[in-house]
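I opened a notebook page for this chain and wrote down what I looked up, entry by entry.

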Amino acid sequence: MNKPLIGAFFAALLLGAGITPAVAAESAQVRESATETAPAAKAVTFAGTVALSNCSGSVVRSPDSQPTDPALVLSNGHCLETGFPGPGEVLVDRPSTRTFTLLNASGTGVGTLKASKIAYGTMTDTDLSLYELTSTYEQIETSYGIEALELETAHPVAGTAITVASGYWKRTYSCDIDGFVHQLKEGRWTWKDSVRYTPECQTIGGTSGSPVIDDATGKVVAVNNTGNESGQECTDNNPCEVDENGEVTVREGINYAQQTYNMVPCIGIGNKIDLDREGCGLPKP
């Protein structure tokens, strides 16, 4: 995983906002120059992204979400304040008072959003969390002039130009979808049909939970979650790819995301998560 760091003092030095960094400073510095040379996607801004205490995220909506529905924030399962869910563990409707810093198009924090609950969270088959907020989409737009990012309903396509927008670091990473991984194994966890980036997206810790945005449509197609840091095989922070025949491939320096189209059918009336809805592809408790 693009793991979080611990240390409020270091956070204050870096961000001046009490946000805990999610990567060692030298790791960020090593990759910063490469990131800055990547072309920025003109159509993608930070509007609608959020910064968590240890990760990134975004305010998202399904095509059927209504303005008066409580808004949802998308991030990773490994970014949950309750800790990493174990293999097979699924969290549904857990109370939460977590807060999120909402960013505008330029990456400036414009307000604080608050969760009412963890609507869904897991690291089984995928790595995602959905928080239900105390604010509706309408209230957020009225107060801050910011609309939620829309979730794509179809499986993404290899070769698609994408941007990973990190609200935590206020930094974007632009590349293409290189392909899809049958099984991505990291430590105790296994994720299915993961998105593999082309090498240009050198995401770092703290970018975990960032929306992966289709440059052409502006819709969210995946949520950024991990990368192979040192070339190890299937260990923490060094995921490996396993194909349909069980063959293992290690791609040092390559980063990955988890698709989100299969969670859209799970979002029912009033933005309530219903794992029994037709087409819902999320694991159940």
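The entries below go through aromatic pairs, a serine in a loop, strand pairing, a leucine in a strand and a pocket.

**Entry 1, the model.** I note at the outset that I am working from a predicted model.

**Entry 2, aromatic pairs.** I looked up the aromatic pairs, and the count comes to three. I then took one of them, Phe 84 with Trp 189, whose ring centres are 5.7 Å apart and whose planes stand at 75°, so I entered the pair as edge-to-face, the class for planes over 60 degrees apart. I also checked where the two residues sit: Phe 84 is in the loop between strand S3 (70–75) and strand S4 (90–95), while Trp 189 is in strand S11 (residues 189–197), and the pair thus links distant parts of the chain, 105 residues apart. For Phe 84 I found a relative accessibility of 36%, and I wrote that residue down as partly exposed. Trp 189, by contrast, has a relative accessible area of 4% and is buried.

I went on to Tyr 168 and Trp 169, where the ring centres lie 5.2 Å apart with the planes at 75°, so this pair is edge-to-face too. Both Tyr 168 and Trp 169 are buried.

**Entry 3, Ser 65.** I located Ser 65 in the loop between strand S2 (56–61) and S3. Is Ser 65 buried or exposed? Its relative accessible area is 4%, and because the cut-off for buried is under 20%, I entered Ser 65 as buried. I next asked what the side chain of Ser 65 reaches, and found the backbone nitrogen of Ser 62 at 3.0 Å, as well as a polar contact of 2.7 Å with the side chain of Asn 271. With neighbours within four places in sequence left aside, I have Tyr 137 and Asn 271 as the residues in contact with Ser 65.

**Entry 4, strands around S11.** I returned to S11 to see which strands pair with it. Strand S10 (residues 171–186) pairs with S11 in the antiparallel sense over eight bridges, and the two form a hairpin with two residues between them, where Gly 187 in the turn has a positive phi of about 60°. S11 also pairs in the antiparallel sense with strand S16 (residues 255–259), over two bridges. I followed Arg 196 through both pairings: this residue of S11 is the bridge partner of Gly 179, and in S16 its bridge partner is Tyr 256.

**Entry 5, Leu 128.** I found Leu 128 in strand S7 (residues 128–136), and at 0% relative accessibility I put this residue down as buried. Leaving out neighbours within four places in sequence, I noted its contacts, among them Leu 74, Tyr 120, Val 223, Met 263 and Leu 282. I also recorded that Leu 128 and Thr 260 are 8.7 Å apart in space, C-alpha to C-alpha, although 132 residues separate them in sequence.

**Entry 6, the largest pocket.** Which helix gives the most to the lining of the largest pocket? I found that helix H3 (residues 137–144) does, with four residues. The space in this largest pocket is about 160 Å³, and its lining residues include Arg 61, Gln 66, Pro 67, Tyr 137, Glu 138 and Ile 146. Ser 65, from my third entry, is also one of the lining residues, and I add again that Tyr 137 is in contact with Ser 65.

Terms used:
Residues are numbered from 1 along each chain as its sequence is written. This is a predicted model: local features need pLDDT of at least 70, side-chain atom pairs count only at pLDDT 80 or more; totals for chains, interfaces and linings use all residues. Side-chain values use heavy atoms; hydrogens and water are left out. Rings of Phe, Tyr and Trp (its six-membered ring) pair if their centres lie within 6.5 Å; planes under 30 degrees apart count as stacked, over 60 as edge-to-face and the rest as tilted. Buried means under 20% relative accessible area, exposed over 50%, partly exposed in between (1.4 Å probe, protein chains only). A polar contact is a pair of N or O atoms within 3.5 Å; within protein, one must be able to donate a hydrogen and the other to accept it, and residues adjacent in sequence count only if both atoms are side-chain atoms. Contact means heavy atoms within 4.5 Å. Two strands pair if DSSP finds at least two bridges between them. On a 1 Å grid over the protein atoms alone, a cavity is a set of points where a 1.4 Å probe fits but cannot get out, and a pocket is an open set with protein on both sides within 12 Å along at least five of seven lines; lining residues have an atom within 4 Å of a point. Grid points are joined across faces, edges and corners, and a volume is the space filled by probe spheres set on the points.
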